[in-house]
Protein chains: 4
Amino acid sequence: MSNKIPVGILAATGSVGQRFIMHLIDHPWFEIAALTGSDRTVGRPYGEGVNWLLDGDPPAEVANMIVQPTEPNLAPKVLFSALPTSDAREVEAKFAEAGYAVLTNASPYRMDPYVPLLIPEVNMDHTAMIPHQQKEYGWKGYIVANANCSTTSIVLPMKILHETYGLHSAVVTTMQAISGAGYPGVPSLDIMDNIIPYIGGEDGKLESEPRKLCGKYVDGKFEFADFKVSAQANRVPVIDGHMASVSVKFNQSASAEEVIALFQNWQLPDVLQNLPTMPEQVFIYRTEPDRPQPRKDRDSGNGLAWTVGGVRACPVNDVRFMSIAHNTLRGAASGSVLNAELLKVQGLLPG
Amino acid sequence: MSNKIPVGILAATGSVGQRFIMHLIDHPWFEIAALTGSDRTVGRPYGEGVNWLLDGDPPAEVANMIVQPTEPNLAPKVLFSALPTSDAREVEAKFAEAGYAVLTNASPYRMDPYVPLLIPEVNMDHTAMIPHQQKEYGWKGYIVANANCSTTSIVLPMKILHETYGLHSAVVTTMQAISGAGYPGVPSLDIMDNIIPYIGGEDGKLESEPRKLCGKYVDGKFEFADFKVSAQANRVPVIDGHMASVSVKFNQSASAEEVIALFQNWQLPDVLQNLPTMPEQVFIYRTEPDRPQPRKDRDSGNGLAWTVGGVRACPVNDVRFMSIAHNTLRGAASGSVLNAELLKVQGLLPG
Amino acid sequence: MSNKIPVGILAATGSVGQRFIMHLIDHPWFEIAALTGSDRTVGRPYGEGVNWLLDGDPPAEVANMIVQPTEPNLAPKVLFSALPTSDAREVEAKFAEAGYAVLTNASPYRMDPYVPLLIPEVNMDHTAMIPHQQKEYGWKGYIVANANCSTTSIVLPMKILHETYGLHSAVVTTMQAISGAGYPGVPSLDIMDNIIPYIGGEDGKLESEPRKLCGKYVDGKFEFADFKVSAQANRVPVIDGHMASVSVKFNQSASAEEVIALFQNWQLPDVLQNLPTMPEQVFIYRTEPDRPQPRKDRDSGNGLAWTVGGVRACPVNDVRFMSIAHNTLRGAASGSVLNAELLKVQGLLPG
Amino acid sequence: MSNKIPVGILAATGSVGQRFIMHLIDHPWFEIAALTGSDRTVGRPYGEGVNWLLDGDPPAEVANMIVQPTEPNLAPKVLFSALPTSDAREVEAKFAEAGYAVLTNASPYRMDPYVPLLIPEVNMDHTAMIPHQQKEYGWKGYIVANANCSTTSIVLPMKILHETYGLHSAVVTTMQAISGAGYPGVPSLDIMDNIIPYIGGEDGKLESEPRKLCGKYVDGKFEFADFKVSAQANRVPVIDGHMASVSVKFNQSASAEEVIALFQNWQLPDVLQNLPTMPEQVFIYRTEPDRPQPRKDRDSGNGLAWTVGGVRACPVNDVRFMSIAHNTLRGAASGSVLNAELLKVQGLLPG
């Protein structure tokens with residue numbers, strides 16, 4: 001009866017899958033029509049099989065929905081994938097081949113030369129790659145990936161700086177929330193009263209993904225941005241919200257005052273302002289010296305906004321700044337929902 | 001009866017003062033002979049007046065010692081100062097003028113052109129400034145300062161790199177423990193499940209103090225090291241231990257492997273090995289990818305060691321590394337005790 | 001233009017005052033028309049003077065409102081008081097005398113023999129005391145108090161049990177959030193990796209207030225309930241949400257199963273169901289063995305619901321259970337807003 | 001060459017096993033002569049196979065010791081068992097049968113009618129059961145168990161009260177540290193900014209073990225103490241140290257003052273004072289209203305002492321008090337070491 005586009009969630013019982021549910025449950029354009037899960041949960045009502053990790057209970061609309069196997073015979077043609085890294089490459093390809101649009105939060109295809117690594121505010125033109133992807137891989141559907149949650153936390157300010165001054169290099173130190181490790185994730189004995197200066201593979205993602213995201217789509221190819229990133233990722237005793245401390249060097253010099261003005265005056269492209277999930281203000285510059293902070297700023301714009309602050313002259317490079325984004329919202333589920341909204345506006349969603 | 005050198009502690013009731021007590025209580029060379037405190041505590045037994053913040057109780061040896069006013073008529077000629085910043089400049093000068101050797105943990109004199117900013121492992125020759133200080137200021141005694149606790153956490157590895165390769169620049173992000181803010185210090189409502197990306201004045205100290213510490217004493221002057229430091233200090237929900245993530249550029253290029261070998265082979269100068277408080281190993285390089293960690297490494301060498309790890313090639317500069325030191329031990333009280341031990345060995349303690 | 005009842009907030013800049021603002025900002029019946037604050041903030045726009053402790057920023061509607069002195073010449077006749085304990089007795093009496101209805105979150109009048117200690121779900125008939133209060137004290141207005149936040153966390157299940165089985169006694173141990181201590185409140189050095197088994201005066205409030213709340217209003221007098229409460233309050237490293245572990249003995253014996261059924265079938269009185277702030281479900285019984293939990297349950301019903309669980313036979317008394325309520329919402333600001341809504345429905349609000 | 005008694009540790013690589021190592025490494029009577037571990041670690045040097053969870057590194061003395069399979073052909077006849085619950089029943093019986101003295105930290109035999117549940121300060125005469133155990137089960141060796149860590153935290157004050165006034169009943173609420181759940185144990189996402197009011201099986205242990213511990217050994221039987229315990233266990237965000245809030249009723253009435261005097265004057269039996277691991281003061285009564293606290297008191301007496309405080313009249317029963325003990329030291333490894341020391345003094349150790 002509904003005019004909404006039916007969508008499915010792959011691996012809906014995990015922590016990212018649960019976030020997908022929360023962001024799709026009252027969506028004006030999309031309607032959850034299928035949930036898949038592990039063997040343990042298949043055939044049972046979602047509300048029974050899930051170990052609900054978010055506050056409160058699973059929404060009534062999905063609690064009685066029967067969990068289906070993750071096989072490419074699902075009714076909805078638009079799928080959000082919360083699959084674990086180990087399964088995602090093979091399973092997502094099967095769905096793409098079978099004609100599904102797969103909006104994935106998993107990592108395997110992020111750096112694939114034919115898969116858009118998409119953040120609408122950063123590189124919405126990258127979706128032009130989709131036909132090439134289909135041709136190259138012989139898929140009727142396609143895959144679009146969102147970025148790693150730590151990359152996400154820094155990439156919009158980097159993009160804004162890069163398109164204005166040309167980014168030469170960035171030295172990044174992140175302080176990342178425990179929810180970024182999923183569930184059960186980080187043992188409390190490891191992280192209480194402590195910091196772990198290592199997250200497997202994260203430094204590499206932070207050093208490569210921004211170059212694809214800030215790069216250009218030209219004739220069936222992604223040309224990576226030519227700046228360099230040095231990153232060191234830390235796990236900190238914070239529940240949600242990845243924060244990064246960044247020092248940047250520009251090709252064209254700019255002062256801290258100019259950068260602050262640039263950040264304060266940045267405007268979201270018109271086409272994105274009407275996406276239903278897009279918050280009123282998606283890029284916030286705070287002038288207080290002690291902001292942004294994870295607990296105080298992670299939920300800005302319903303957890304979809306970037307909050308930036310602390311811009312000042314860097315004694316070594318040009319400028320330092322702090323940036324934060326909510327890792328499980330902006331950096332995961334909600335990011336993919338925004339991607340789907342963009343694809344719909346661009347006329348690229350199947351059905 | 002004791003042959004030990006009598007010492008006093010200025011502002012012995014605060015959190016740093018309490019640490020002084022713990023590190024002097026069984027000292028083989030020094031003996032606590034005077035404790036001073038605020039008006040509220042003067043004249044009362046130390047154990048009654050103090051709000052003991054460390055584990056357990058105040059040691060029996062000091063619990064019944066009567067707290068004295070902070071006036072320059074104390075019997076011991078060697079004083080450890082835990083005075084707050086607001087009082088330290090004036091009060092410490094009065095004691096130095098009156099002939100006391102003041103080993104201070106306070107900040108006012110750290111960047112003074114005639115006061116040694118001393119960390120024995122880094123710049124033990126800087127004590128040669130003392131006669132010039134006395135002449136310049138007309139003091140019979142003198143002041144020697146220890147470094148800010150955040151500076152301390154990075155400066156020994158910086159010094160080792162600087163004297164080997166010549167340091168060009170360092171980009172530093174710190175994650176600092178709540179104990180660095182004293183007591184009551186950081187409200188729990190501000191820091192639980194959160195990070196505060198700002199500590200007033202700390203960035204500046206991190207950017208200037210290492211240049212004095214790694215500089216040279218030449219003919220009555222300190223020549224600052226000519227590298228640049230960019231620092232951004234964060235308060236994190238960790239009780240003790242300041243950790244820093246550092247990216248360094250050298251004048252003379254070096255690989256990560258060379259730096260690791262340099263760190264692993266570094267030797268403490270002989271004269272320092274016999275200082276009674278000096279731990280067996282004061283500079284530790286850990287090879288595990290996820291070390292150092294505040295909770296696991298802060299107490300190494302009785303809280304006096306630096307623990308360094310995570311050396312790897314930096315895509316932007318030469319090398320990245322992590323460094324940690326215990327902020328209230330190495331970075332405060334114990335640091336001053338080590339300074340006093342060095343001064344004794346150098347024959348510079350009064351009496 | 002608005003038909004809403006204008007209201008004021010006394011001491012609007014503190015942490016409780018900020019909560020009042022958030023709960024009145026879009027209220028269908030009330031409209032914030034006055035904010036008072038300390039000398040430091042009087043005459044300045046609220047948004048400038050306040051140290052905003054909640055997430056995000058002060059709402060635009062109040063950010064430019066000029067802070068007024070806390071004097072009884074305010075335009076609105078209905079006032080919510082977030083005054084500190086030290087000022088509340090005298091100041092609130094002045095306002096009551098001058099004809100204001102004072103809905104207070106402060107403690108001085110809670111156990112006053114003529115002031116209703118009001119929680120609508122527990123004792124809405126206690127407002128019948130108001131005319132006696134006015135007569136007794138010669139006030140044109142009146143004072144109605146909400147309960148201490150720790151009392152609040154246990155009192156609705158206690159009331160339900162008391163009216164059904166007759167409560168003989170309750171042995172209570174609370175685990176209370178740091179936000180209950182206000183700001184700056186609990187130093188992080190005291191509470192991280194720790195529990196403080198003492199909150200000044202709290203045990204006594206927990207042992208007396210439930211007896212007034214569960215008592216009867218009879219002919220100008222409050223007859224206290226005759227059960228006994230033994231309470232021991234602990235501060236725990238939790239941001240929001242007071243939890244209590246309770247063992248109760250009844251006058252008329254009842255099994256755990258009967259109590260569970262009682263809790264599951266409890267119905268809110270009709271008159272309260274239509275209060276605009278009242279959540280759909282204000283009393284929740286959870287059957288999972290590991291619930292309620294502060295982080296997962298404190299926000300139930302917009303932070304206004306009680307969540308109860310863990311009912312089982314007690315080897316010593318009759319039954320044990322766990323109860324939780326949000327201390328700064330249900331236990332403070334929102335509680336007073338609900339009280340005001342009840343007073344309006346009862347026709348007892350001035351103007 | 002050493003005259004020390006050689007001992008082994010079963011399951012030495014887990015978190016309890018690591019604690020055993022730390023407490024035996026410099027023991028004056030015992031010497032670690034064998035370490036067993038899982039298949040993954042057997043045959044490798046301990047230092048390589050272990051995931052060391054304690055601060056610092058594994059001691060040099062054991063780092064190169066080769067991990068052996070957990071089979072009853074170990075050289076030392078005295079074994080400390082850190083086996084997981086699932087294996088302990090069967091494996092420990094095999095060792096006891098083969099003539100080993102098994103000092104176990106595991107739960108299966110704690111409530112066994114022929115196995116002493118031993119805490120020297122509480123029931124050292126219970127070792128008289130050993131010959132009956134051997135006869136009943138046909139074992140050449142024997143098993144002695146230490147108590148659950150949460151039971152341990154309350155049982156010494158309970159014992160002192162019971163033997164003086166006769167305990168009628170106790171209502172207990174515990175706040176237990178995350179280390180009690182082992183490693184990886186409690187996920188940080190579950191416990192940060194939260195409390196979990198449920199630890200599987202713990203309430204039952206708290207309600208039964210104290211009755212065995214405070215009971216009497218009579219003619220080959222343990223007569224349980226006839227008091228009742230009601231317990232509710234909570235997991236709290238504290239690293240180490242289990243704290244309990246207790247309300248007790250006596251058979252013979254006593255005031256808070258009398259109980260405080262009793263606690264302050266309690267004396268350790270002479271025979272126990274000379275056990276090498278026994279701290280100078282094993283039972284500490286603190287008079288400050290806000291003590292004991294886990295972080296400040298858990299390490300008292302090298303983590304072996306009970307710290308009690310907060311004695312006051314209970315409005316429902318006779319007296320309330322707080323008690324704390326270090327769960328992984330007093331409540332686990334060190335407890336078993338003390339048991340072994342007692343057995344040696346009693347002449348009950350093999351070899």
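Start with how two of the chains touch: 100% of the interface residues of chain B are also interface residues in chain C, so these copies meet through the same surface. Keep in mind that you're looking at a predicted model.

Now try superposing that pair. A turn of 180° plus a shift of 0.1 Å along the axis lays chain B on chain C, with an RMSD of 0.0 Å. The two copies are therefore related as by a two-fold rotation axis.

Chain C has a similar story to tell with chain D. Here too a turn of 180° does the job, with a shift of 0.0 Å along the axis and an RMSD of 0.0 Å for chain D on chain C. The contact residues of chain D recur in chain C, 100% of them, and the same surface serves both copies.

Next, zoom in on chain A and a pair of its helices. Helix H7 of chain A covers residues 149-165 and helix H14 of chain A covers residues 329-345; their axes come within 8 Å and cross at roughly 95°. Since angles of 65 to 115 degrees count as roughly perpendicular, that crossing makes H7(A) roughly perpendicular to H14(A).

Which residues make the contact? From H7(A) come A:Cys149, A:Thr152 and A:Ser153, while H14(A) brings in A:Arg330, A:Gly331, A:Ala332 and A:Gly335. Sorted by class, the contact of H7(A) with H14(A) has 4 polar residues, 2 nonpolar and 1 charged.

Methods: Residues are numbered from 1 along each chain as its sequence is written. Chains are lettered from A and ligands numbered from 1 in the order in which they are written. This is a predicted model: local features need pLDDT of at least 70, side-chain atom pairs count only at pLDDT 80 or more; totals for chains, interfaces and linings use all residues. Copies are superposed by least squares on the C-alpha atoms of residues with pLDDT of at least 70 in both. Two residues are in contact if their C-beta atoms, placed from the backbone, lie within 7 Å. Axes are lines fitted to C-alpha atoms, for helices over the stretch in contact, and angles run from 0 to 180 degrees between N-to-C directions. Helices (H or I, at least four residues) and strands (E, at least two) are DSSP runs, numbered from the N terminus. Angles under 35 degrees count as roughly parallel, over 145 as roughly antiparallel, 65 to 115 as roughly perpendicular and the rest as oblique. Ala, Val, Leu, Ile, Met, Phe, Trp, Tyr, Cys and Pro count as nonpolar, Asp, Glu, Lys and Arg as charged, and the others, Gly among them, as polar.
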